[in-house]
Amino acid sequence: MSWWGVLPGIGLMAVLWLGPGYAVLRALGVRGLLALGGGAGVTSGLAGILAIGYDLVGLTWSLLTFLAGALAAVLVALVIGRVLGTTTNPAAGAVAGLRPLEPRERGWLTLTGLVGAGVLALAMMTGMQRADMPLQVWDAVYHLNALWVIQDTGNASSLGALAPLYADTTAPYYPTVWHSIVAIAPGFDNVTQAANASSIVLGTAVWMSSLVALSRVAWPARALPVVLTPIIAATFVAFPAISVSMLGVWPFAVSVACLPGALALMIAALRGNQTWQIYLVHAVGFAAAAAGVVLAHGSGLFSLALLAAPLLGVLVFRQGRRYWRRGHAVAVAVILGVALVAVVVGGGWLVSFPPVQAIMDYQRGGQESYLPGIGSLLIDHPLIYVYDIRSVNLVITAMAFVGVYLTITRRHARWLVVALVASAILTLLAAGPPENPIRFLAGFWYTQASRINQLFVIPMVVLAAGGLAWTCGKLAARFRVPITATTAVVLVGVGLATFGLRWPSQVEVISSVYSHWPIAWGTMIDSEDELAMIDRAAETLPDDAVVLGEAINGSPYLLSRSGVDVVYPQLTTIPDSPERVLLAQHFNTWYLQPEVCQAVRDLGVTHVYADDLTFAEGGKWEETTPGLRVISTDRPGFELVDRGGQASIWRFTGCDA
């Protein structure tokens, strides 16, 4: 399907993700870019909480019920804002910046936003080719089927909604904020279209509005850094392209995309001499946005701590000193003492929490030297898979160093430098030698450099925005030309220096796991003919069909694209299902082992999905499923139903007797 058919859906999804949260913040009294940038985080928090609550009371998850819950939250926020007098208080408009943006500046921001978001969106669309082309990486199979499960069951709770993906043998905790919103987004024919659209929405509307809010509070006296932020954000490949393509970690992408907006609200909640009412509503807004960051993905808590800790320490110290000098020494001491104890106790509990331990214990290799990682950070080259260097981001890196110089010499927003250095160190720890004794610190992000690298992008964008704005000002003064003309010329130079805002690299990364066969890390669907066969399965197979096939050969896509039940709805074998483990290891000798046929009957298998694409031809390889790798369909008991590319679907009757 072409992208023209889903453009309305993309627009509606953007409104769905930003709108409810923006309305809540605006009702509280948060204004302008702060409300817009924090909106997606608040919406995500609402979705996570409402989905759990609806499941507990037996209410079906749908677009209507979500909007009803969001409306209730807006009304509560409006009552709070009215009681505190902040909803219409003009003083709230001065929290983010020293002055409101002028209409001309808002116009330029709109233009740069359209250019940055437009280029990034077009690069994504070009790499995907079709709106309904499925992402072919490990996590994507799980997430696409999870969307289908939520639509089918009407349950989007993080506390067990995805049990069908585990054959109902367990009901695990799994963050379903991304799934809950994408599953109910209107304007799409199937979950594949909705998932692909979410990549564009997260990378443009959510991510860029979130960064703009952070730039606004980081550079409150200047409008130009804010105007430049969308263009600078579009030059990075580490996020969102890597996150929503090669990694396929949409939930983590939501957490990262909402993080800058949450940080912006935190700064607003602790900055300057405001009334306690204004402090309070921004603190409530921050809490809601932070909930969205954490509920979207558990590592969001540690991402928030990594970037916010230096900022929070400075702001809390300043506020504590201010109230100490006003004669509230005892209250300040008690509050700080309680906070310190809470951090220590809470941190100890979190580290010992089984899900966190499972993340930190994840074993991952690394490189022998830190030099390749340092080089990748400087030019923004992917820290996962082997890609050609088609474009670099050195000009933005240079501007970020200018921003570092400005923050240090002017003693302003120096927390950005601390956050930049901290995220760079953790990225290198994950990318470098495994024997480093402090490498465990990267474990909160599965010790995966390409994940932590996405956090590095946040301070890089904000610092580069300040550095580029300062450079434009210096050039305008040096050549005595208007700042607008100078900035336009500089942005053209940035576009040329970054190869069209990194277009070649953006397209290469996206297409490598969508439409460029063989697919990076191994092909599951080898051609559009196989994809067409999967889409036909809704008509070619009976309603009660249950399909058995090696999970890595494309068969799990039958569930999300055609609603056909499969034995393996995810690529990970379900250990608590002995029948599935047995078939994965021994189905190819079903005619010799009666227990295999018993497992077939117990699971209700009616059809078999076969694929003769080999590893040498670019196929994916899995060690734990030898019994499904090569299936002899020329034996009695197999009847061909459909074929597409090198894959085929067979009616299986060998175990009927």
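This passage describes the nonpolar cores, a pocket and a set of paired strands in a predicted model. Local features need pLDDT of at least 70 and side-chain atom pairs count only at pLDDT 80 or more, while totals for chains, interfaces and linings use all residues. Residues are numbered from 1 along each chain as its sequence is written, and side-chain values use heavy atoms, with hydrogens and water left out.

The largest nonpolar core (buried Ala, Val, Leu, Ile, Met, Phe, Trp, Tyr and Cys residues joined through side-chain atoms within 4.5 Å; buried means under 20% relative accessible area with a 1.4 Å probe, protein chains only) holds 213 residues. Within this core, W17, W61, W207 and F587 touch the most other members. Leaving aside residues up to four places away in sequence, W61 is in contact (heavy atoms within 4.5 Å) with A47, L50, Y54, F66 and I150, among others. A separate second core has six residues, including L101 and V226.

Turning to the strands (DSSP runs of E, at least two residues, numbered from the N terminus), five of the six residues of β5 (residues 647-652) are buried, so this strand is largely enclosed by the rest of the structure. Strands pair if DSSP finds at least two bridges between them. β5 runs antiparallel to β3 (residues 607-611), to which five bridges join it, and Y609 has I649 as its bridge partner. Six bridges link β5 to β4 (residues 638-644), again antiparallel, with R643 opposite S648. β4 and β5 form a hairpin with two residues between them, and G645 in the turn has a positive phi of about 65 degrees.

Methods. Buried < 20%, exposed > 50% of the residue type's maximum accessible area, 1.4 Å probe, protein only. Helix = DSSP H or I, 4+ residues; strand = E, 2+ residues; numbered from the N terminus.
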